[in-house]
Amino acid sequence: MVDLKGQYKGIKDAVNPAIQEIIENTSFINGPKVHEFQKNLENYLGVKHVIPCANGTDALQIAMMGLGLKPGDEVITADFTFAATVEVIALLQLTPVLVDVNPDDFNIDLEAIKKAITPKTKAIVPVHLFGQCANMEAIMDIAEEHDLYIIEDNAQAIGATYTYSNGNKAKAGTISHVASTSFFPSKNLGCYGDGGAIFTNSDELAHTIRGIVNHGMYERYHHDVVGVNSRLDSIQAAVLDIKLKNLDSYNKARRTAANKYNEAFKNIDEIITPFEYGTPENHVFHQYTLKLKGVDRDGLVAFLNKNDIPCGVYYPIPLHRQKAYEDARYNEADFEVTNQLVKEVISLPMHTELDDEQIAFISEKIIQFING
Ligand SMILES: *Cc1c(COP(=O)(O)O)cnc(C)c1O
């Protein structure tokens, strides 16, 4: 699905000495590289504070801890996403409230959010799924009206632009009160191990969070709050700092690949190519996900595997039907879109190194299967 080796070849001459330098200076944890990367990412995103941490799941948890959410508080999030989002809500003994998504952009459905709000609702976590932002302008309006926090899960959309209805632009993850991201190797900005970060424009929240990631310490050996140990190590920061310089060109390469797939599938009625909002920089194609109409999806997956073409089904089971997150309050009729999407979606190889020949081969095989 991704070609990390090919990508590494292109930056090897920068990455190898950068890693070597960390080993020589032995500042493995909280070294100057971590701070340097943090500053560069703040500048890139146009956000006041980036707080690096150990992974994207921690980032979500720490964001929620930083906001002071308490057991019993309800947090609304999308039913069609990776489990990390709902997992941390449950871990913190908050009450997850899963809601349906849109059939076109796969992001959280505004009407479903409005219907799910109760006096106990404290936060909403929109997930910018597959590389494109949720409808943040409307979500921020809902937040203001009901006095809620918004936490953007930006693990899949780093570098994407969000365009407001008046034409103003902001980077994904800088629109709401706080955001989380993941630097897992296969993400658009991935390191060579685990990594993550929290973004916020609030000085106060940033201060709280910097303590939480470091055992609740604001002054050495004074533990004011219950925190966690969640750090980005210097070697990962060194890799990320190099890849950050290439992030826009990496995202452009993904878009170019997406356009070529779109072109190949444009006359195939059984295939619905990804929906996109507005200008090209709005979608960074973490995944290139098709909806199949009247196609035996499992048969296609098997056929592609037989032809050594990787593919993925993100996601095969809605979160509300996962054993860990079942809740008697859920009503199947409220998850019509997710229940349909899990049967229709298929994600194709998408990365920075895809060439025309590979795209042609993959799309020809898919069309061959559909045409029987
Ligand atoms: C990858 C991902 C996460 C978790 O990130 P990790 O670094 O693997 O912990 C959270 N949310 C979404 C939407 C993701 O895609």
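**Note on aromatic pairs, nonpolar cores and the ligand site**

1. Across the whole structure, a search finds 15 aromatic pairs. One of them joins Tyr162 and Tyr164, whose ring centres lie 5.1 Å apart and whose planes meet at 80 degrees, so the pair is edge-to-face. The two partners differ in burial class, since Tyr162 is buried at a relative accessible area of 8%, whereas Tyr164 is partly exposed at 23%. The reader should keep in mind that this is a predicted model.

2. Phe303 and Phe369 form another pair, with ring centres 5.4 Å apart and planes at 40 degrees, so this pair is tilted. Because Phe303 belongs to helix α9 (residues 297-306) and Phe369 to helix α11 (residues 356-370), the pair ties together parts that are 66 residues apart in sequence. Phe303 counts as buried, with 15% relative accessibility, while Phe369, at a relative accessible area of 24%, is partly exposed; the cut-off that applies here is that buried means under 20%.

3. Ring pairs also link Phe80, Phe106, Phe130, Tyr314 and Tyr315 into a cluster. Phe80 appears again in the largest nonpolar core, where Ile76, Phe80, Ile108 and Ile113 are the residues with the most contacts inside a set of 37.

4. As for the make-up of that core of 37 residues, two or more residues are given by each of the strands β2 (74-78) and β3 (95-99) and the helices α5 (110-116), α6 (136-146) and α10 (336-344). Helix α6 supplies the largest share, namely 5 residues. The core draws at least three residues from domain 1 (4-99 + 107-244) and at least three from domain 2 (247-371). A second, separate core has 26 residues, including Ala258, Leu292, Leu300 and Ile346. In soluble globular proteins, nonpolar side chains tend to be buried together.

5. Turning to the ligand, the residues that surround it are Asn55, Gly56, Thr57, Thr81, Phe82, Ala84, Val127, Asp153, Ala155, Gln156, Ser182 and Lys187. Oxygen atoms of the ligand take part in several polar approaches: a polar side-chain atom of Ser182 lies 2.7 Å from a ligand oxygen, an N or O atom in the side chain of Lys187 is 2.8 Å from a ligand oxygen, and a polar side-chain atom of Asn55 lies 3.5 Å from a ligand oxygen. Of the 380 Å² of accessible area that the ligand has on its own, the protein covers 91%.

Technical notes:
Residues are numbered from 1 along each chain as its sequence is written. This is a predicted model: local features need pLDDT of at least 70, side-chain atom pairs count only at pLDDT 80 or more; totals for chains, interfaces and linings use all residues. Side-chain values use heavy atoms; hydrogens and water are left out. Rings of Phe, Tyr and Trp (its six-membered ring) pair if their centres lie within 6.5 Å; planes under 30 degrees apart count as stacked, over 60 as edge-to-face and the rest as tilted. Buried means under 20% relative accessible area, exposed over 50%, partly exposed in between (1.4 Å probe, protein chains only). Helices (H or I, at least four residues) and strands (E, at least two) are DSSP runs, numbered from the N terminus. A nonpolar core is a set of buried Ala, Val, Leu, Ile, Met, Phe, Trp, Tyr and Cys residues joined through side-chain atoms within 4.5 Å. Domain bounds come from an automatic or database domain assignment. A residue is near a molecule or strand if one of its heavy atoms lies within 4 Å of it. A polar contact is a pair of N or O atoms within 3.5 Å; within protein, one must be able to donate a hydrogen and the other to accept it, and residues adjacent in sequence count only if both atoms are side-chain atoms. Accessible areas come from the Shrake-Rupley method with a 1.4 Å probe; for residues, only the protein chains shown count as cover.
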